[in-house]
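Take a walk through this model, one helix contact and one void at a time. Keep the 3D view open as you read.

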Amino acid sequence: MSGLRRFVLKRLLLTIPILWGVSVITFGLVYLTPGDPIDIMVGLDPDMSPTREATLRAKHGFDEPVWKQYWLWISDAATGDFGEVIQTGRPVSDLIIDRLPPTIALGLFGWVFGLVIAIPTGIYAAVKKDQLGDTVSRFIALFGISVPNFWLGLMLILVGALQLGWWPVLPPRVPLTDPEMLWYLVLPGLTIGSASAATLMRIMRSSMAEEMNKDYVTAARAKGLPERTVILKHVLRNSLISVTTVAAFLTANILAGSVVVETVFSWPGLGREFIQAATAREVNVIMAITLFIGAAIIIMNLVADIVYAVLDPRIRYD
């Protein structure tokens, strides 16, 4: 395990330059975008005097060269201070703390949906290889990967909320743990988890089919073990290694998809907040959310590497 500890430490140290690079690119893209928060405020208040505009620019550092603006931001961010929302004066850290639980809840719903559908369906497709069930699973997987999540979300709202009336159109004003809120999360969870479920299902099917042709499976069957034991105890464990690999990378898809899905379903999470911040040119909010998502993706990939060692003792990080 000492090799694994060294590997984890090395990956954690690499997080620093990776996040720094992400911050530089994001800040540069925001700077290249025409306008800034002060321009937005002037547009909303045409009567604002030039003196007041100049004062606001000086207060928030927009009168400084771009390299100095970045240096001031990164220096504060290194101490945990991500600045404030320029138009409201609210600390960005408080905003992220408020928006984080809804995003986590939505992401968990997407993951649960993806895993609950993908693993058993992938197993069934592998066992029924080249039969009707396998063909149907291929069609469903292709549909899930191809359909844009914003279109799927709109169709689910149209059918599930407007025509059937089973779900509310807008999120209820109740705590996240309330059954009414959990019921509402079904539609956005299906939307954000559909592509991941389809991808994981195909990976599970391919991995299972490959493992079932190996010698150790033939030997297990020759010993007289029941087919159910062979599939669930031997083949499934080895197949989960590939699924874990893809599942970690799909974290990025779920986090990226939350931007669109939260907007479609009016979900008060980080994704919708990011869209609003980009519209208002709120550079502090954009930078903080981008770094948070980048850190989350890095951590999930690190967790996946650790899970490899648990699922397959042959894997070492020496």
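α6 and α9 cross in a left-handed sense. The model is predicted, and this crossing is a good place to enter it. α6 covers residues 132-146 and α9 covers residues 186-211. Their axes lie 8 Å apart, at an angle of about 140 degrees. On the α6 side, the contact is made by Asp134, Ser137, Arg138, Ile140, Ala141, Gly144 and Ile145. From α9 come Ser194, Ala195, Ala198, Thr199, Met201, Arg202 and Arg205. Sorted by class, the residues of this contact are six nonpolar, four polar and four charged.

α9 has another partner to look at. The axes of α5 and α9 come within 6 Å. They cross at roughly 30 degrees. This crossing is right-handed, whereas that of α6 and α9 is left-handed. The class make-up of the contact of α5 with α9 is 21 nonpolar, seven polar and one charged.

Now follow α5 to α12. α5 runs over residues 92-127, and α12 over residues 270-280. The two pack at an angle of about 135 degrees, and 8 Å separates their axes. That angle is why α5 counts as oblique to α12. Which residues meet here? In α5 they are Leu95, Ile96, Arg99, Leu100 and Thr103. In α12 they are Leu270, Gly271 and Glu273. Four residues of the contact of α5 with α12 are nonpolar, two are polar and two are charged.

Some of these residues return in the lining of a void. The structure holds one cavity of 30 Å³ or more. How much space lies in the largest cavity? The value is about 50 Å³. Thr103, Leu270 and Gly271, which take part in the contact of α5 with α12, are among the residues that line the largest cavity. The rest of the lining is Leu255, Ser258, Val259, Phe292 and Ile293. α11 (227-264), α12 and α13 each give two or more residues to this lining. α11 has the largest share, with three residues. Which classes make up the lining of the largest cavity? Five residues are nonpolar and three are polar, with no charged residue.

Turn next to the open space. The largest pocket has a volume of about 390 Å³. The lining of this pocket has 16 residues. His60, Trp73, Asp76, Gly83 and Asn284 are the closest to the pocket centre. Three helices, α3 (50-60), α4 (66-78) and α13 (283-311), each supply at least two lining residues. α4 gives the most, with four residues. α13 thus has a place in two linings: it is named for the largest pocket and for the largest cavity. By class, the pocket lining has seven nonpolar, five polar and four charged residues. Charged residues are present in the pocket lining, while the cavity lining has no charged residue.

Step back to the whole chain. How many helices and strands does the protein chain have? There are 13 helices and zero strands. Read from the N terminus on, each element of the chain is an α element. The C-alpha atoms fill a box of roughly 85 × 55 × 35 Å, taken along the principal axes.

Conventions
Residues numbered from 1 in each chain as written. Predicted model: local features only at pLDDT ≥ 70, side-chain atom pairs only at ≥ 80, totals over all residues. Heavy atoms only, no water. 1 Å grid on protein atoms, 1.4 Å probe; cavity = no way out; pocket = protein on both sides within 12 Å on 5 of 7 lines; lining within 4 Å. Points joined across faces, edges and corners; volume = space filled by probe spheres on them. Nonpolar A, V, L, I, M, F, W, Y, C, P; charged D, E, K, R; others polar. Axes fitted to C-alpha atoms, helices over the stretch in contact; angles between N-to-C directions. Left-handed = near helix turned anticlockwise from the far one by under 90°. Contact = heavy atoms within 4.5 Å. Parallel < 35°, antiparallel > 145°, perpendicular 65-115°, else oblique.
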